[in-house]
Amino acid sequence: MSASATTIGTGIATQDKVRSPAVRIVQVYAVVMLVIPSDIGISAIGGASFPAGLVGIFAFAAWAIATLFGLHDPRSHRNPIRAVLLFLWAASLISYLLIDRGALGAHQLKGADRYLMELTMMTGVAFLAAECLTSLDDVRRVLRAVCWGGAFCGAVAALQFWIKLDISPVLRKLPGFSVITDSSGIGGRDAVSRVVGTATHPIELGIVSAMILPLAIWLAIYDGDRSQFKRWAPVALIAVSAVVSVSRSAIVCVALAMAVFVVAMPARQRVVAISTLPMALAGVFVSAHGLIRALLHLLGVGNADPSIAHRVNTYTYVEQVVSQAPWFGHGVGTYIADSNIHILDNEYLKTLIESGIVGAVALLALFLVPMFASLLARHNSRDPALRLLCAATAGAALAAGVGSAMFDSFSFNMFFATLALVLGLTGAAWRLVIQELQARDAEVRRPTQNYDRPPPTKSAPRARSIEAQGA
């Protein structure tokens with residue numbers, strides 16, 4: 001990008017450390033996403049008007065305006081996130097255009113419009129973060145906002161779990177906003193409270209926590225400008241929110257995300273990480289005696305659990321519906337279960353119905369491409385901080401992909417918003433590795449001076465002629 005393109009994108013890693021306005025936008029988005037409950041919105045607009053969604057649409061508008069007026073050149077910021085989102089857009093738009101509007105109700109058609117608005121939000125945040133976070137310092141600043149937002153959400157969940165105090169109704173009292181979706185609130189499972197924090201469902205809380213936990217640990221390790229408390233307190237609260245969700249899905253996603261992250265650590269950091277696990281389990285046991293027992297019971301029941309049996313029993317129904325429109329489905333965002341037995345609790349199955357096989361492939365790519373891109377970027381980097389950041393984004397993408405097989409993730413605003421940010425951070429990490437490779441290549445090609453012999457001087461030929469005359 002040219003030096004003049006500082007309005008949106010060029011917080012470029014220059015020596016004067018110019019700060020990009022895009023960083024502020026992404027920071028605000030991260031805080032709003034995790035602090036303000038996502039079940040509120042502007043009733044006249046609908047479900048896509050939740051607070052973080054509005055910030056995301058503003059981010060898209062900022063990116064689009066900067067691009068149209070030549071203040072930002074996307075061609076100089078290529079990354080795999082753009083390609084996978086464009087693929088998802090193509091599949092979604094074709095499915096949207098093929099909707100049989102005469103066969104669907106008003107709520108289903110509004111659902112299709114809402115889906116495109118949310119996809120616009122995701123695109124704006126992902127593009128802005130991927131193309132305009134141009135240094136590790138920018139990434140750290142954004143992740144500080146993510147971590148403190150996640151810590152706040154974890155604190156709300158801890159209050160709900162231990163003292164049954166729910167402050168989320170106070171957070172919903174924003175002027176002009178009203179509750180537009182139902183929240184499960186404080187529930188119970190196996191005689192243990194099951195809480196939601198500022199999310200709308202315990203599974204959403206748990207999987208979002210699993211996605212941001214490796215990013216929070218990365219920040220705690222490499223954000224040396226802050227005190228130990230400010231670095232590790234958010235990590236503890238985010239981990240607590242995953243546990244008190246009392247969700248099997250959350251535990252599986254935390255395990256997978258952290259496995260990718262820990263395996264990618266340098267040996268010394270890996271030993272420290274593994275050694276802290278018994279202490280963490282002991283802390284959970286001391287503070288909540290029945291919680292570990294409930295979690296172990298959930299992991300051990302298998303198909304005897306009604307929720308798992310319900311998910312398995314929907315496969316036949318999904319096959320019948322998909323066979324009616326196999327390639328592009330019945331329309332993005334249009335599936336509404338007509339009874340409890342047709343609630344799918346699986347984003348892949350829901351996407352098969354709505355967007356067909358092409359849409360399901362695009363959804364799978366949305367999770368797999370960031371994960372493998374992060375691992376490839378890590379492989380090519382020599383910077384320890386950047387390598388571990390790539391591992392953190394890979395773990396987050398894996399948690400999102402696996403979690404989407406356990407609930408209809410795109411129906412939950414906090415998950416959707418967090419995924420958008422993970423995509424953007426993945427693209428930013430990819431571009432930072434590209435910058436590192438370019439710098440290394442330039443260093444290799446730089447001409448070197450031969451210092452074994454002194455450079456010739458203009459007087460040397462004259463000296464030789466004098467010697468010849470003397471001879």
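These legends accompany a set of close-up views of a predicted model.

**Figure 1. The whole chain, before we zoom in.** This predicted model holds 17 helices and 4 strands. The chain runs to 471 residues, and buried residues make up 53% of them. If you like contact maps, here is a number to keep in mind: among contacts between residues at least 6 apart in sequence, 78% join residues at least 24 apart.

**Figure 2. Trp-218 in the largest nonpolar core.** The largest nonpolar core has 113 residues, and Trp-218 is one of those that touch the most other members. Tyr-29, Leu-366, Phe-415, Leu-419 and Leu-421 share that distinction. Which residues does Trp-218 contact once its neighbours within four places in sequence are set aside? The list starts with Leu-136, Val-139, Arg-140 and Leu-143, goes on to Phe-261, and ends with Ala-385, Leu-388, Leu-389 and Ala-392. Away from this view, a second, separate core of 8 residues includes Val-318, Val-322, Tyr-335 and Ile-353.

**Figure 3. Leu-34 and its partners from elsewhere in the sequence.** Leu-34 sits in helix α1. With a relative accessibility of 1%, Leu-34 counts as buried, because the cut-off for that label is under 20%. Residues up to four places away in sequence aside, Leu-34 touches Val-146, Gly-149, Gly-150 and Cys-153, along with Thr-198, Val-208, Ile-212 and Met-414. Another pair to pick out in this view is Leu-34 and Ala-417: they are 383 residues apart in sequence, yet their C-alpha atoms are 9.2 Å apart in space.

**Figure 4. A salt bridge between two loops, Asp-39 to Arg-172.** A search of the whole structure finds 9 salt bridges, and this view shows one of them, with the side chains of Asp-39 and Arg-172 meeting at 3.0 Å, N to O. Asp-39 belongs to the loop between α1 (21–35) and β1 (40–41), while Arg-172 belongs to the loop between α6 (168–171) and β2 (178–179), so the pair ties together parts that are 133 residues apart in sequence. Are these two charged residues buried or exposed? Asp-39 is buried at 1% relative accessibility, and Arg-172 is buried as well, at 14%.

**Figure 5. A salt bridge within one helix, Arg-114 to Glu-118.** Here the side chains of Glu-118 and Arg-114 form a salt bridge of 3.1 Å, N to O. Both residues lie in helix α4 (residues 106–132), where they are 4 residues apart, about one turn of the helix. Their surroundings can be told apart by relative accessible area: Glu-118 is buried at 3%, whereas Arg-114 is partly exposed at 24%.

**Figure 6. A salt-bridge network around Asp-223.** The side chains of Asp-223 and Arg-226 meet in a salt bridge of 2.6 Å, N to O. Both of these residues are buried. Which residues make up the network? Arg-144, Asp-223 and Arg-226 are linked in it by salt bridges.

**Figure 7. The largest cavity and its lining.** The model contains 5 cavities of 30 Å³ or more, and this view is centred on the largest, which holds about 50 Å³ of space. Its lining consists of Leu-88, Ala-91, Ser-92, Tyr-115, Val-332, Glu-347, Thr-351, Ser-355, Gly-359, Leu-363 and Phe-410. By type, the lining residues divide into 6 nonpolar, 4 polar and 1 charged. Which helix gives the most to the lining? That is α14, with 5 residues; α3 (80–97) and α14 (347–380) each supply at least two.

**Figure 8. Two positive phi angles outside glycine.** If you enjoy checking backbone torsions, Lys-164 and Val-246 are worth a look. Lys-164 has phi near 55 degrees, a positive value in a residue other than glycine, and is placed in the loop between α5 (136–162) and α6. Phi of Val-246 is also positive, near 50 degrees. Val-246 is found in the loop between α8 (228–244) and α9 (248–263), and it is buried, with a relative accessible area of 0%.

Note on methods:
Residues numbered from 1 in each chain as written. Predicted model: local features only at pLDDT ≥ 70, side-chain atom pairs only at ≥ 80, totals over all residues. Heavy atoms only, no water. Core = buried A, V, L, I, M, F, W, Y, C linked by side-chain atoms within 4.5 Å. Buried < 20%, exposed > 50% of the residue type's maximum accessible area, 1.4 Å probe, protein only. Contact = heavy atoms within 4.5 Å. Salt bridge = Lys/Arg side-chain N within 4 Å of Asp/Glu carboxyl O. 1 Å grid on protein atoms, 1.4 Å probe; cavity = no way out; pocket = protein on both sides within 12 Å on 5 of 7 lines; lining within 4 Å. Points joined across faces, edges and corners; volume = space filled by probe spheres on them. Nonpolar A, V, L, I, M, F, W, Y, C, P; charged D, E, K, R; others polar.
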